[in-house]
Amino acid sequence: MDKKVISFPRFNDYHVPIEFLIKKVTNHKVLLPPPITKKTLEIGSKYSPDFVCVPFKYNLGNYIEVLDQGASVIMQAGGGCRYGYYAEIQEQILKDLGYNFEFYCLTDSNKFVLSSVYQVFKKLNNKMSFLKFFYYLILTLKMIHYMDKIDIYIRSNIGFEKKKGSFDNLKEEMLNEYKTIKGFCHLYRTYKKYDKAFKKIEINKSEDCLKVGIIGELYTSIEPFSSYQIEKNLAKMNVEVTRYTDVTYLVISKMFNVRKILKICGKYCKYTIGADGTDNVAEAINMARRGYDGLIHTKPFGCTPEVGAMPILQKVSIDLGIPIIFLSFDSHTSEEGIKTRMEAFYDMLIMRRNKK
């Protein structure tokens, strides 16, 4: 079997479990995508349609970077909104640019179908059994679940660590150890080890600290570079951050929550908006009822489901008395502009808290 070089787009820290899965089930070389930078966005924007959403541009830039480094196979997992139709367009753009490669999309009719995902990996390793594929897929999903659980704790406390950098340094150590996982028992022991280690990090956190929830489109919520490191900037302001959108939610939890979400939305949404729009309305209601000080809604410019959710979120904001700021991102978005708006939002929350 000829050795191929497989790569994929960067997405927060999820490159660790994705690399783990591909290595285990294909036996091919994996080329890790480089961290996203302004150069990635510039490259992607240069060859993208002007009004396509920014995740398309980031991913296309990533593809060009890895193809230039020698990748011969690209894998993508799109879906949920019009991004489910982007794979064919991106493949055609890249081939028009002269790149020779194989392109695989893991979604089938905008959904993850186990048999379809298996067939993709089977093309890359025809000797692989379904049992082996299923074992490592579940192991990878469990790894992602543990990563997300720890991330929830980190987000909530990173702004209050006594020794700056403690959370980031320990997380980097944890991710490196995850690359060596040998099975479920090893994974569980590793998770418990770092769960205890993170909770031993000294923090100085008052019970009445500012609490802000981040909601919105999944890519700009999860990938920190695409929203100019909003979570880290809030942490510097000693704000407790909550974000429910992660891969565990998107791949596992969401499918079981449709009725519950519509029930929470009540008078605000009778039907699903599409993508994560309804979920964001429900989470905004939950956070308002739990006494959060404010909400930040992020989306790519022109994201249709989130544009549809915005007037509903404004109504929730008025009815439940929770401030909300809407941030849109594209290749032309000013980082300084976002930073200024965030500082103004923070000052407003402080003044509102003092009035109360």
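This passage describes two sheets, the helices that pack on them, two helix pairs and one buried loop residue in a predicted model. The structure is a predicted model, in which local features need pLDDT of at least 70 and side-chain atom pairs count only at pLDDT 80 or more, while totals for chains, interfaces and linings use all residues. Residues are numbered from 1 along each chain as its sequence is written, and side-chain values use heavy atoms, with hydrogens and water left out. Helices (H or I, at least four residues) and strands (E, at least two) are DSSP runs, numbered from the N terminus.

Strands of a sheet pair through backbone hydrogen bonds, either parallel or antiparallel. One open sheet holds four strands in the order E2-E1-E3-E4, with parallel pairing; two strands pair if DSSP finds at least two bridges between them. Strand E2 (29-30) and E4 are at the edges with a single partner strand each, so one side of each has no neighbour in the sheet. Helix H4 (residues 86-96) packs on this sheet and touches E3 and E4, where contact means heavy atoms within 4.5 Å. The direction of H4 makes about 170° with that of E4; axes are lines fitted to C-alpha atoms, for helices over the stretch in contact, and angles run from 0 to 180 degrees between N-to-C directions.

Within this sheet, strand E1 (residues 5-7) runs parallel to E3 and is joined to E3 by two bridges. Isoleucine 6 stands opposite valine 73 in E3, and serine 7 has isoleucine 74 of E3 as its bridge partner. E3 also pairs in the parallel sense with strand E4 (residues 102-105), over four bridges. Here the bridge partner of isoleucine 74 is phenylalanine 103 in E4. From strand E3 (residues 73-76), Val73 and Met75 point one way, Ile74 and Gln76 point the other way, and all are buried. Buried means under 20% relative accessible area, exposed over 50%, and partly exposed in between (1.4 Å probe, protein chains only).

A second open sheet has four strands in the order E6-E5-E7-E8, again with parallel pairing. Its edge strands, strand E6 (240-243) and strand E8 (324-329), each pair on one side only. The twist averages 25° from one strand to the next. Strand E5 (residues 211-216) runs parallel to E6, and four bridges join the two. Lysine 211 stands opposite glutamate 240 in E6, and isoleucine 214 stands opposite arginine 243 in E6. Glu240 and Thr242 point one way from E6, Val241 and Arg243 point the other way, and all are buried.

Two helices contact the second sheet. H13 lies across E5, E6 and strand E7 (294-300), and runs at about 170° to E5. Helix H15 (residues 335-355) packs on the sheet by touching E5, E7 and E8, and its direction makes about 175° with that of E8.

Two packed helices are described by the angle between their axes and the distance between the axes. For helix H12 (residues 258-265) and helix H13 (residues 277-289), the axes come within 9 Å and cross at roughly 55°. H12 and H13 are therefore oblique to each other; angles under 35 degrees count as roughly parallel, over 145 as roughly antiparallel, 65 to 115 as roughly perpendicular and the rest as oblique. Ile261, Leu262, Ile264 and Cys265 of H12 meet residues of H13 that include Val281, Ala282 and Ile285. The residues of this contact between H12 and H13 comprise seven nonpolar, two polar and two charged. In this grouping, Ala, Val, Leu, Ile, Met, Phe, Trp, Tyr, Cys and Pro count as nonpolar, Asp, Glu, Lys and Arg as charged, and the others, Gly among them, as polar.

The axes of H7 and H8 come within 11 Å and cross at roughly 175°, which makes H7 roughly antiparallel to H8. Among the residues in contact are Phe167, Leu170 and Met174 of H7 and Leu187, Tyr191 and Phe198 of H8. This contact of H7 with H8 divides into nine nonpolar, one polar and four charged residues.

Isoleucine 181 lies in the loop between helix H7 (166-178) and helix H8 (184-200). Isoleucine 181 is buried, with a relative accessible area of 2%. Leaving aside neighbours within four places in sequence, isoleucine 181 is in contact with Phe20, Lys24, Leu139, Met143, His186, Leu187 and Thr190.
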